[in-house]
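Reader: Got a minute to walk me through this one? Let's go from the fold down to the residues.

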Amino acid sequence: CYILTPNTMEFHIIDCKTLDNLKSYEWKEYLGNNADLMNHGYRPCSICDPFSRSLPKQDPQPEYLKLKY
């Protein structure tokens, strides 16, 4: 999920400090990918740098499904 600020044409991560100074009507949530955003003229925020953030690695098999020997 990204947060868009249409007035600046930037996209942010949800906890970006830039969003602290904005009113709720000045931004909107976006569930698509960043390539689509960039194709529509949006650029990544230089403060939160959404490209530098990676999602935590997910364990392919949850703990409760692992077999115990």
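Reader: So how many helices and strands are in the chain?

Author: There are 1 helix and 4 strands, with helices (H or I, at least four residues) and strands (E, at least two) taken as DSSP runs numbered from the N terminus. This is a predicted model, where local features need pLDDT of at least 70, side-chain atom pairs count only at pLDDT 80 or more, and totals for chains, interfaces and linings use all residues. Residues are numbered from 1 along each chain as its sequence is written, and side-chain values use heavy atoms, with hydrogens and water left out.

Reader: What order do the elements run in from the N terminus?

Author: β-β-β-α-β.

Reader: And the sheet, what's its strand order?

Author: The sheet is open, ordered 3-1-2-4, with mixed pairing; two strands pair if DSSP finds at least two bridges between them. Strand 3 (28–30) and strand 4 (43–44) are the edges, each pairing on one side only.

Reader: Which strands pair in the parallel sense?

Author: Strand 2 (residues 10–12) and strand 4 do, over 2 bridges, and E10 sits opposite R43 there. Strand 1 runs antiparallel to strand 3, joined by 3 bridges, and antiparallel to strand 2, again with 3 bridges.

Reader: Any residue pairs to look at along strand 1?

Author: I3 has E29 of strand 3 as its bridge partner, while T5 stands opposite E10 in strand 2.

Reader: What about the hairpin of strand 1 and strand 2, which residue takes a positive phi?

Author: M9, near 60°, in a hairpin with 4 residues between the strands.

Reader: Switching topic: which residues of strand 1 are buried?

Author: Y2 and L4 on one side, I3 and T5 on the other, so both faces of strand 1 (residues 2–5) are covered, where buried means under 20% relative accessible area, exposed over 50% and partly exposed in between, with a 1.4 Å probe and protein chains only. In a regular strand the side chains alternate between the two faces of the sheet.

Reader: Which residues make up the largest nonpolar core?

Author: I3, I13, C16, L19, C45 and C48. A core here is a set of buried Ala, Val, Leu, Ile, Met, Phe, Trp, Tyr and Cys residues joined through side-chain atoms within 4.5 Å. Apart from that core lies another one of 5 residues, among them Y2, L4, F11 and L37.

Reader: And how much of the whole chain counts as buried?

Author: 22% of its 69 residues.
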